[in-house]
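This report describes a protein chain, with attention to strand pairing, buried residues and charged pairs. The sequence and structure come first.

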Amino acid sequence: MSATFKSIKSLVPLLDRVLVQRFKAEAKTATGVFLPTSATSQPLPEATVIAVGPGARDKAGNIIPVSVSPGDRVLLPGWGGNTIKVGEEEYFLFKDSEILAKIKE
């Protein structure tokens, strides 16, 4: 499912949803060799967090905060997420529990 918005600022994730933008694969290697489209069409498992929701509620009604923050680099599964298109850019909405890891450097 894909949705289209005019500005990414108009999108605010709800509950424990996380809005991310996947890194794009390089079309050229470090030595200058251009890679074919078939080699770069697979999305990379890394992404940057753009926005996060406030968190989900537990059975007692307390909010459990999301484990990532805007600007974090994360590792994503190869599947899942809802696609959001803003112009030519693609973003994805994942649940906090679907994010595999936070990348620290």
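Thr48 stands opposite Arg73, a residue of β6. That bridge belongs to the pairing of β3 with β6, which is antiparallel and runs over three bridges. The coordinates are those of a predicted model.

**Overall make-up**

The protein has one helix and nine strands. In sequence order the elements read β-β-α-β-β-β-β-β-β-β. Of the 105 residues, 27% are buried. Among contacts with a separation of 6 or more, 64% join residues 24 or more positions apart. The exposed surface comes to about 7,200 Å², and carbon and sulfur atoms supply 57% of that area.

**Strand pairing**

Strand β3 (residues 46-52) also pairs with strand β2 (residues 17-22), in the antiparallel sense and over five bridges. Within this pairing, Arg22 is opposite Ala47 of β3. Another antiparallel pairing over five bridges joins strand β7 (residues 82-86) to β8. Here Thr83 has Phe92 of β8 as its bridge partner. β7 and β8 make up a hairpin with two residues between the strands, and Gly87 in the turn has a positive phi of about 65 degrees.

**Nonpolar cores**

Nonpolar side chains in soluble globular proteins tend to be buried together. The largest nonpolar core in this model has 11 residues: Val18, Val20, Ala47, Val49, Val66, Val68, Val74, Leu76, Phe92, Phe94 and Ile99. At least two residues of this core come from each of β2, β3 and β8 (89-95). A second core, separate from this one, has eight residues, among them Ile8, Ala51, Ile84 and Tyr91.

Val74 belongs to the largest core. Apart from neighbours within four places in sequence, Val74 is in contact with Val20, Pro45, Glu46, Ala47, Val49, Val68, Ile99, Ala101, Lys102 and Ile103. Leu75 is a residue of strand β6 (residues 73-75). With neighbours within four places again left aside, Leu75 is in contact with Pro45, Glu46, Ile99, Leu100, Ala101 and Ile103. The C-alpha atoms of Leu75 and Glu46 are 4.7 Å apart, although the two residues are 29 apart in sequence. Leu75 counts as partly exposed because its relative accessibility is 31%.

**Salt bridges**

Side chains of opposite charge can pair when their charged atoms come close. How many salt bridges does a search of the whole structure find? The search finds three, and they are listed below.

| Side chains | N to O distance |
|---|---|
| Asp16 and Arg17 | 3.5 Å |
| Arg73 and Glu46 | 2.4 Å |
| Lys102 and Asp72 | 3.7 Å |

In the pair Lys102 and Asp72, Lys102 is in strand β9 (residues 101-103) and Asp72 is in the loop between β5 (63-64) and β6. These two residues are 30 apart, and the pair links distant parts of the chain. Lys102 is partly exposed at a relative accessible area of 40%. Asp72 has a relative accessible area of 18% and is buried, because the limit for that class is under 20%.

The salt bridge between Arg73 and Glu46 has an N to O distance of 2.4 Å. Arg73 lies in strand β6 and Glu46 in strand β3, so this pair ties together parts that are 27 residues apart in sequence. Both residues are partly exposed, Arg73 at a relative accessible area of 27% and Glu46 at 26%.

In the pair Asp16 and Arg17, Asp16 counts as buried, at 15% relative accessibility. Arg17 counts as partly exposed, at 31%.

**Leu15 and Ala56**

Most residues other than glycine have a negative phi. Leu15 has a positive phi, near 50 degrees. Leu15 lies in the loop between β1 (2-5) and β2. The relative accessibility of Leu15 is 48%, so this residue counts as partly exposed.

Ala56 lies in strand β4 (residues 56-57). The C-alpha atoms of Ala56 and Leu15 are separated by 4.8 Å, while the residues are 41 apart along the chain. Not counting residues up to four places away in sequence, Ala56 touches Leu15, Asp16, Asn62, Ile63 and Ile64. Ala56 has a relative accessible area of 22% and is partly exposed.

Conventions
Residues numbered from 1 in each chain as written. Predicted model: local features only at pLDDT ≥ 70, side-chain atom pairs only at ≥ 80, totals over all residues. Heavy atoms only, no water. Helix = DSSP H or I, 4+ residues; strand = E, 2+ residues; numbered from the N terminus. Buried < 20%, exposed > 50% of the residue type's maximum accessible area, 1.4 Å probe, protein only. Contact = heavy atoms within 4.5 Å. Pairing = 2+ DSSP bridges. Areas by Shrake-Rupley, 256 points an atom, 1.4 Å probe, with all protein chains shown as cover. Core = buried A, V, L, I, M, F, W, Y, C linked by side-chain atoms within 4.5 Å. Salt bridge = Lys/Arg side-chain N within 4 Å of Asp/Glu carboxyl O.
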